Each structure stands twice: as structure tokens, then as C-alpha cells.
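Q: Got a minute to walk through this one with me? I'd like to start with the strands and see where we end up.

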Amino acid sequence: MSHHHTPDFQTALDVGRPPNIKKLFPHSKALIVSGKYIDQAMLEKGRCMTIAANGRNAFVIRGALAAAQQANAAIIIEIARSEGGTNAYCAVNLWNIARQTDAFMNELGITIPVAIHADHFGIKTPADIEPGKTEITSLFDAGITSIAIDASHMPDDQNLLANLELASFVPNWAGLETEVGEIKGKLGLSTAQEALFLIQGLNAHGIFPDWIALNNGTTHGIEQSDAGIDVPLTAQIHEALAPYKVSGAQHGTSGNSSDRLRQIAEKTRTTKANVATALQMISWGVQVNDYGNAILDDAGRFIKQPDKGVDEAIWQQMLTYAKDQGLTGGNFKKLNAPFENRFLAQPKEIRDRMANGVQAFVYTLLTDVFNASDTANIVLSHILETRSHDPGVKSETIESIEEWTEEKIRKNAVTISSNKGPEGDFDD
């Protein structure tokens, strides 16, 4: 599969990598690109989406990259602000994820294009905006090539105004995701009205997000029911947004059946599907069902498969630590930071099987469920056409800026009928 030495690949490396990536990794053979390229390749193939793999540990990143190479698919490696920000519970973070990904790509001979995405950059209150400016700048300095500005916890007018204020700190070549409605299951489902308000307001100011994330019925973490994604609602909202050419980003993918995810790829404008919990569990060797949801025993405990994932002795240490810290269920995610170095200290065959478990799962998703095979070639040809790290935007300004002043934004937001659902911590 190695294309390292073809003239076209060399050209793509020279012209397709963004300036921050070239500066950080001047001698690299890893094709790290803008998130825009990934989105646009999925749209060109049609009825397909790719994985945005949350690299909660090094083995998830390695496995996802290997799977993408095997499928010849362009993918996104991401970490959310809650997972890898300044209050991180993972050792992989927003400032080292590009460096780790670049190193693994060079080590493993990965030639497919990869975007590095900062997911859920959460703005919970207007007071978060000012410090956010510095932090967003620092992420791009560290090799991020795509970001989700998530101010969806706030009312619609404040969400839009936060996006407007922060957009100028995101390089114009970078992938941009915006979000309406927190991800919290069947409570507080997004409406087309809310989504249009956000996208139209951005459009009036010349900001054209690549993706919008909706609350379309999913939850983060471990899904208790199979209700999952509301496909018709998603399709309806995407249809309403069609003039603005914004794609969907699907959050809370773990815990939805393969069939449901195939429908999302086929029937909606979704090009990016985030997978976090499933990949973590698989890397550890926890038994999961067809769609990556951890299977619990009769006492409600995770089932560790003896021949998969982490070493048995390490798993016992993880269980003891979790018990001491009072961590159960989805909160096992808090084991990532304290155990990363212990994972890395295991024998090579254990480390390899952690990554290989992830690879097998992601390969099946990419080829059999998401329909992303061979999208790597589309990105490569786009880069050779544009001869740039910036593929440009999909949309153009349709809305009038006079209708979207701060005063009118605040006034018009009052007319939006929305149910934001309950308060709570729905970060991931």
C-alpha cells in the first residue's frame, strides 16, 4: 500500500500540508491535511462518512491509522477538550495528538490523508470566550487542522455570537465544526429552526462551517437503550440546511447498530462520525457487541477477554483503582491518564494486540458500515488539483449581514422555540 515514493504523493506532501504541520514536521512523510479535504472527499464519493477516532490512548490512534491504510480511507484523528484539554483525563491531549499521529504515520508507513481535529472545544459561558482565543491559537500552533467550536450549552443567540467571535482565531484553511443542541439522548432534540439560526447567522458574516453537530438522539459513553440516532430528524434538518452546503457530524456513534449507522451514511448529509468509547473499550480488551457497546455481566461489570487488550495483571490494577476512586460504567474513561504509561510499559505482543483489536473494528466500520473505502484517492486528487493546503469553502454568502447584527441576533433568538433538555454534564 505504500505510495511514499510516487511523485504525486511527494507533491501532495509539499503542497497539501498546512503551514503549521510543515513547520512542526518539516521532514515528515505523513499527509496531515485540513479537515475540509476530508469532508469534501466524502461528499464527492457520496453516501459515505468517515471515522473521527477519539485517540484516548496511543493504541487507538495506531489501530485507527492502520485500519484506514488497509481500507484506503481518509480519516480524522481527534480528541475532545474534555478528554485532552487543560482538565484532561487522557494522556493524549490537544497539544500532543498531532505529534503522536505524525510519528505513528511515519513509523507505520501510513500514506492515507489524515486530519487532526479538536473536538467539542466547549464554551459554556460568555466568560470562556476570551481565554478561548489564546487556547485555540495554541492548538493550531501544536498541529490541529480542524476544530469544533461547541457553544451549544448556551442559548441560541449566545451560541451564534460566541462562534462569530472565535471564528477569526481559526485559520481560514482549517476544518470548522459548529454545534447546536447538546448531545444528551432523546432529551432536548435539535430543531431545524435552531440549526438554521446558527448557520444563517454565520453565513451572513462569511463563515461557512464544514460540519454541524446536532442533538439527534444520541448520548456519549455507554448507551443503555438502542433508541439511538433519529435518522428522519437528521435528514430533515440537513435538508433544511441544504442551501448552505453544511455536512453533518455525528456524535455519540458508539452504541448505535451498524444498520442505524449505514442509514446515517446513506440518508443524511453526514460525513464525519465520532467514535470514542467503543475504541477505548476494544483497546482494553473489554467485550463489546456488534456496535462497540460494552457488554456487562449479570452483576453489571465489564467482561474482560483474557486473550485481548491489556495484560490481565494491568486489568486487575485498573479494577482496583476504579473501585478506590469510585469509578463505574462510563467513568472508567478516567483510567486513561493514570494508566497510559503502564499500557506503554507492557510487552510488545500485548501492545500490538491492543492496537490490532482497534484496527479490526475500525476497518469493518470504514468498509462495511461507513462506505469510506478508497476516499484517500479522492483527497489526493483534490490536493493535486488545488495545489494548496486550502481546498476552499463549499458555500457562499447568501444572507444579508444587516439582518444579523448583534442586536438583531439577540432579538430574533427570542422567537426560537427550543427545548434544551435537562442541565447536566454531557461532555462526552
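Q: Which residue is the bridge partner of His117 in β4?
A: That's Ser146. Helices and strands here are DSSP runs (H or I of at least four residues for helices, E of at least two for strands), numbered from the N terminus.

Q: And how many bridges are there between β3 and β4?
A: Four, with β3 (residues 114-122) and β4 pairing in the parallel sense. Two strands pair if DSSP finds at least two bridges between them.

Q: Before I go on, what kind of model is this?
A: It's a predicted model, where local features need pLDDT of at least 70, side-chain atom pairs count only at pLDDT 80 or more, and totals for chains, interfaces and linings use all residues. Residues are numbered from 1 along each chain as its sequence is written, and side-chain values use heavy atoms, with hydrogens and water left out.

Q: Ok, back to β4. How many of its residues are buried?
A: Five of the five in β4 (residues 146-150), so the strand is largely enclosed by the rest of the structure. Buried means under 20% relative accessible area, exposed means over 50%, and partly exposed is in between, using a 1.4 Å probe and protein chains only.

Q: Which residues sit on which side?
A: Ser146, Ala148 and Asp150 are on one side of β4, Ile147 and Ile149 on the other, and they are all buried. In a regular strand the side chains alternate between the two faces of the sheet.

Q: What about β7, which residues are on its two sides?
A: β7 (residues 247-250) has Ser247 and Ala249 on one side, with Gly248 and Gln250 on the other. Both faces are covered, and those four are all buried.

Q: Which strands does β7 pair with?
A: One is β6 (residues 211-214), in the parallel sense over three bridges. There, Trp211 has Ser247 of β7 as its bridge partner. Strand β8 (residues 270-275) also runs parallel to β7, joined by three bridges, and Ala249 stands opposite Lys272 in β8.

Q: Switching to helices. How covered is α12?
A: Mostly covered: eight of the eight residues in α12 (residues 277-284) are buried. Among them are Leu279, Met281, Ile282 and Trp284, plus polar ones such as Gln280 and Ser283.

Q: What covers the buried residues of α12?
A: The cover includes β1 (50-54), α4 (58-71), β8, α13 (312-325), α14 (336-344) and α15 (348-369). Contact means heavy atoms within 4.5 Å.

Q: What follows α12?
A: Gly285, whose phi is positive, near 95 degrees.

Q: And α8, how many of its residues are buried?
A: Nine of the 11 in α8 (residues 156-166), so the helix is largely enclosed by the rest of the structure. The buried ones include Asp156, Asp157, Asn159 and Leu160. Their cover includes α7 (129-141), β4, β5 (175-180), α9 (192-204) and α17.

Q: So β4 turns up again. Which residues other than glycine have a positive phi?
A: Arg47 is one of them, with phi near 50 degrees. Arg47 is in the loop between α3 (35-45) and β1. Arg387 also has a positive phi, about 50 degrees, although it is not a glycine, and its place is the loop between α16 (375-386) and α17 (406-413).

Q: Are those two buried or exposed?
A: Arg47 is exposed, with a relative accessible area of 60%, and Arg387 counts as exposed at 53%.

Q: What about Gly330?
A: Gly330 is in the loop between α13 and α14 and is partly exposed, with a relative accessible area of 35%. C-alpha to C-alpha, Gly330 and Ala162 are 30 Å apart in space, and 168 residues apart in sequence.

Q: Zooming out, what's the radius of gyration of the protein chain?
A: 20 Å, which agrees with the value near 22 Å for a compact globule of 428 residues. The radius is taken over C-alpha atoms, and the globule rule is 2.2 Å times the number of residues to the power 0.38. The C-alpha trace spans about 65 × 55 × 40 Å along its principal axes.

Q: And the totals?
A: The protein chain has 17 helices and eight strands, and 58% of its 428 residues count as buried. Among contacts between residues at least 6 apart in sequence, 78% join residues at least 24 apart.
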